[in-house]
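Please find below a colleague's note on the structure under review. The points are numbered for ease of reply.

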Amino acid sequence: MAIERTFLMVKPDGVKRQVVGDIIDRFERRGFVMRGAKLMNVPRELAEKHYEEHKDKPFFGELVDFITSGPVFAMVWEGENIIKLARVMMGATKPEEAQPGTIRGDYAVTISENVIHGSDSPASAEREINLWFNNEIV
Ligand code: GDP
Ligand code: MG
């Protein structure tokens with residue numbers, strides 16, 4: 001298994017609730033390495049590009065409104081098999097399927113305000129790292 005990089009983002013609800021530190025701690029304790037991080041407001045155009053796979057879904061407008069509603073904490077993390085492992089650490093998208101012990105299972109009760117985003121494949125990770133970090137990563 002190769003060393004991979006993935007894009008993770010604490011969404012506006014997670015930043016407001018001050019769980020950024022806990023989320024960083026979970027990935028550091030697992031042995032992953034942070035390669036980029038920034039607290040930022042999200043321009044609408046960036047949010048729409050980020051979520052373009054969902055542009056025809058009924059919740060797309062609500063999703064973009066939410067991601068642009070307050071600062072997010074965007075990150076790039078590195079490690080063995082991190083793309084899949086970060087998804088496991090995040091927990092399922094549907095709140096009733098997010099296991100306790102996962103980030104969503106510990107913090108989220110709705111599908112729309114679910115604390116964290118993580119890339120779902122190597123192709124998404126590459127696309128999202130380029131979109132959010134361009135060449136700013138260390
Ligand atoms: P993720 O990769 O686990 O974040 O899930 P998806 O890529 O399927 O969806 C992106 C985000 O859209 C999710 O994290 C949710 O916040 C939101 N979302 C997904 N499905 C729904 C839905 O049915 N209703 C609403 N309101 N939001 C949704
Ligand atoms: Mg997704």
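Which residue does UniProt list under "active site"?

1. The residue in the record. UniProt, in an unreviewed entry, lists His117 for the feature "active site". The model discussed here is predicted, and His117 lies in its strand S4. His117 has 19 other C-beta atoms within 10 Å and is therefore partly exposed, since a residue counts as buried from 20 such atoms upwards. Leaving aside neighbours within four places in sequence, the contacts of His117 are Leu8, Met9 and Lys11. His117 is also one of the residues around ligand 1.

2. Confidence. The mean pLDDT of the protein is 97, and 100% of the residues reach 70 or more. The ipTM score is 0.97, and the pTM score is 0.97.

3. Surroundings of ligand 1. Which residues are found around ligand 1? They are His54, Phe59, Glu62, Leu63, Thr93, Ile111, Ser112, Asn114, His117 and Asp120. Sorted by class, this shell has 5 polar, 3 nonpolar and 2 charged residues.

4. Binding-site annotation. The unreviewed UniProt entry places the feature "binding site" at Lys11, Phe59, Arg87, Thr93, Arg104 and Asn114. Among the residues around ligand 1 are Phe59, Thr93 and Asn114, and each of these three carries the UniProt annotation. The annotation is taken from the record, whereas the ligand shell is computed from the model; a reader may wish to keep the two apart.

5. Lys11. This annotated position is in the loop between strand S1 (3–10) and helix H1 (12–16). Lys11 counts as buried because 22 C-beta neighbours lie inside 10 Å. Beyond four places in sequence, Lys11 is in contact with Ile67, Val72, Val115, Ile116 and His117. The contact between Lys11 and His117 links a position listed under "binding site" to the one listed under "active site".

6. Thr93. Is Thr93 buried, partly exposed or exposed? Thr93 has 13 other C-beta atoms within 10 Å and so is partly exposed; the exposed class ends at 12. Thr93 is found in the loop between helix H5 (82–90) and helix H6 (103–107). With neighbours within four places in sequence left aside, Thr93 is in contact with Ile111 and Asn114. Both Ile111 and Asn114 belong to the residues around ligand 1, as does Thr93.

7. Overall fold. The secondary structure comprises 7 helices and 4 strands. Along the sequence, these elements follow the pattern β-α-α-β-α-α-β-α-α-β-α. The UniProt annotation "domain: Nucleoside diphosphate kinase-like", again from an unreviewed entry, covers residues 3–138. That span is 42% helix and 21% strand, and its end C-alpha atoms lie 15 Å apart.

8. Dimensions and packing. A compact globule of 138 residues would have a radius of gyration near 14 Å; the protein has 14 Å, so the value agrees with that expectation. Along the principal axes, the C-alpha atoms fill a box of roughly 35 × 35 × 25 Å. Of the 138 residues, 31% count as buried. Among contacts between residues at least 6 apart in sequence, 71% join residues at least 24 apart.

9. Backbone points to inspect. Which residues other than glycine have a positive phi in this note? Gln18 has a positive phi of about 60 degrees, and Val115 has a positive phi near 75 degrees. Gln18 lies in the loop between H1 and helix H2 (20–30), and Val115 is found in the loop between H6 and strand S4 (116–118). Gln18 counts as exposed because it has 8 C-beta neighbours inside 10 Å, whereas Val115 counts as buried because it has 22. Val115 is also among the contacts of Lys11.

10. The N-terminal segment. Met1 lies in the segment before S1. With 7 other C-beta atoms within 10 Å, Met1 is exposed. Met1 and Glu80 are 79 residues apart along the chain, while their C-alpha atoms are separated by 6.6 Å. Not counting residues up to four places away in sequence, Met1 touches Glu80 and Asn81.

Technical notes
Residues are numbered from 1 along each chain as its sequence is written. Chains are lettered from A and ligands numbered from 1 in the order in which they are written. This is a predicted model: local features need pLDDT of at least 70, side-chain atom pairs count only at pLDDT 80 or more; totals for chains, interfaces and linings use all residues. A residue is near a molecule or strand if its C-beta atom, placed from the backbone, lies within 6 Å of it. Ala, Val, Leu, Ile, Met, Phe, Trp, Tyr, Cys and Pro count as nonpolar, Asp, Glu, Lys and Arg as charged, and the others, Gly among them, as polar. UniProt positions are given in the numbering used here, feature names are shortened, and annotations may be inferred rather than shown by experiment. Helices (H or I, at least four residues) and strands (E, at least two) are DSSP runs, numbered from the N terminus. Two residues are in contact if their C-beta atoms, placed from the backbone, lie within 7 Å. The radius of gyration is taken over C-alpha atoms; the globule rule is 2.2 Å times the number of residues to the power 0.38. pLDDT is the predictor's confidence in each residue, from 0 to 100.
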